[in-house]
Protein chains: 2
Amino acid sequence: MVRASATAEESLSSELIRAAGVKVTRGRVRVLDALRAARQPLSHAEMEALPAGAGDAAIDRVTLYRVLDSLVACGLALKAVDTRGVFRFSAAGAQRRHADHIHFRCTDCGGVFCLKAEPPPPPKLPRGFRLNEVAYDVRGLCAGCSPHAASPARA
Amino acid sequence: MVRASATAEESLSSELIRAAGVKVTRGRVRVLDALRAARQPLSHAEMEALPAGAGDAAIDRVTLYRVLDSLVACGLALKAVDTRGVFRFSAAGAQRRHADHIHFRCTDCGGVFCLKAEPPPPPKLPRGFRLNEVAYDVRGLCAGCSPHAASPARA
DNA sequence: CCGGCAAATGCAACACTGTTGCATTAGTGG
DNA sequence: CCACTAATGCAACAGTGTTGCATTTGCCGG
């Protein structure tokens with residue numbers, strides 16, 4: 001149970017959770033830890049498989065769903081849908097690292113690539129509307145999936 | 001079986017399907033018809049429920065999936081994921097009507113609103129990349145779902 | 001330090017979306 | 001009109017997400 005490493009990381013997650021006004025539980029700390037450590041949004045399935053390096057037993061499937069929901073509800077995590085229709089979660093604040101450029105999603109392999117260009121400014125909204133997120137999604141085929149030769153179905 | 005109305009619509013769908021180089025079947029015509037008539041992308045569930053006005057029996061669930069896949073494969077339909085993680089399909093070409101303005105998606109009610117502003121120009125891609133679609137997605141709360149009064153959880 | 005309450009957990013069962021296998025039916029080309 | 005292939009319909013399955021309920025646990029007050 002007592003581990004000297006990564007204590008700062010874990011306590012920061014605990015801090016964040018406590019500051020959000022919800023109970024600090026093992027599951028929440030572990031999940032937020034994982035989200036904050038991840039360099040890209042994680043799916044439920046991926047998180048279920050990660051306790052390998054976390055120490056003790058795996059988190060229950062349903063509990064994991066509820067932990068994620070609670071983190072989203074208190075603003076510590078963000079929820080999005082990937083191209084396969086699966087929810088992916090990321091630590092709030094982490095997306096700031098990805099806010100200053102455009103993403104290209106390959107419709108074939110599902111990969112996400114970061115483009116150099118800057119995203120356009122957000123548009124004006126009608127009265128009463130509230131802006132939460134602006135996603136400038138560019139989709140197509142990446143270099144690896146592009147048909148270099150001939151593709152009869154596309155001709 | 002014989003209906004005099006909507007013949008032009010239906011035969012156009014048939015034309016399109018035939019031109020795409022695949023078999024012209026009842027299911028494909030009916031589905032493409034529905035997609036072309038719809039003013040917004042339809043989900044599988046929505047399409048399963050629509051034969052009310054189409055005349056004869058409902059299409060099999062699995063067949064509908066396969067019909068949709070075939071329409072996407074031959075370029076007659078487009079497949080996308082909505083905010084709930086459900087696939088939605090639209091007739092190819094229909095999105096051209098929606099290419100000249102921005103969409104606002106309400107994260108609460110799931111509604112889609114058309115904004116007046118024009119979308120930004122597509123960015124430059126790395127070598128080998130192939131642009132297929134540019135989605136400028138603006139998400140937030142619509143006027144109906146915005147918290148007019150106080151929202152303790154957000155404070 | 002201890003007890004109690006509400007929230008969080010774990011388990012089972014379920015609902016919805018999408019997929020696969022296989023026998024039958026129906027387009028299409030000759 | 002025949003035959004051949006693709007498409008259909010049915011059953012069964014897989015993955016993702018949800019709900020109900022009993023039990024445990026974090027947190028707070030005594």
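**Around DNA strand C**

Colleague: Which residues of this model surround DNA strand C most closely?

Modeller: In this predicted model, 18 residues surround DNA strand C, and the closest are R28(A), R66(A), V24(B), R61(B) and F87(B), where near means that a heavy atom of the residue lies within 4 Å of the strand. Local features need pLDDT of at least 70 and side-chain atom pairs count only at pLDDT 80 or more, whereas totals for chains, interfaces and linings use all residues. Residues are numbered from 1 along each chain as its sequence is written, chains are lettered from A and ligands numbered from 1 in the order in which they are written, and side-chain values use heavy atoms, with hydrogens and water left out.

Colleague: And how much of what the protein meets is sugar and phosphate?

Modeller: Of the atoms of DNA strand C within 4 Å of the protein, sugar and phosphate account for 57%.

Colleague: Which polar contacts reach a phosphate oxygen?

Modeller: Counting pairs of N or O atoms within 3.5 Å, a phosphate oxygen is 2.8 Å from a side-chain N or O atom of T25(A), another such pair, at 3.2 Å, involves the side chain of Y65(B), and for F87(B) a polar backbone atom is 2.8 Å from a phosphate oxygen.

Colleague: Changing topic, how do α2(A) and α4(A) pack?

Modeller: Their axes, lines fitted to C-alpha atoms over the stretch in contact, are 10 Å apart at an angle of about 70°, on a scale from 0 to 180 degrees between N-to-C directions, which makes α2(A) roughly perpendicular to α4(A), a label for 65 to 115 degrees.

Methods: Polar contact = N/O pair within 3.5 Å; in protein donor to acceptor, adjacent residues only side chain to side chain. Helix = DSSP H or I, 4+ residues; strand = E, 2+ residues; numbered from the N terminus. Parallel < 35°, antiparallel > 145°, perpendicular 65-115°, else oblique.
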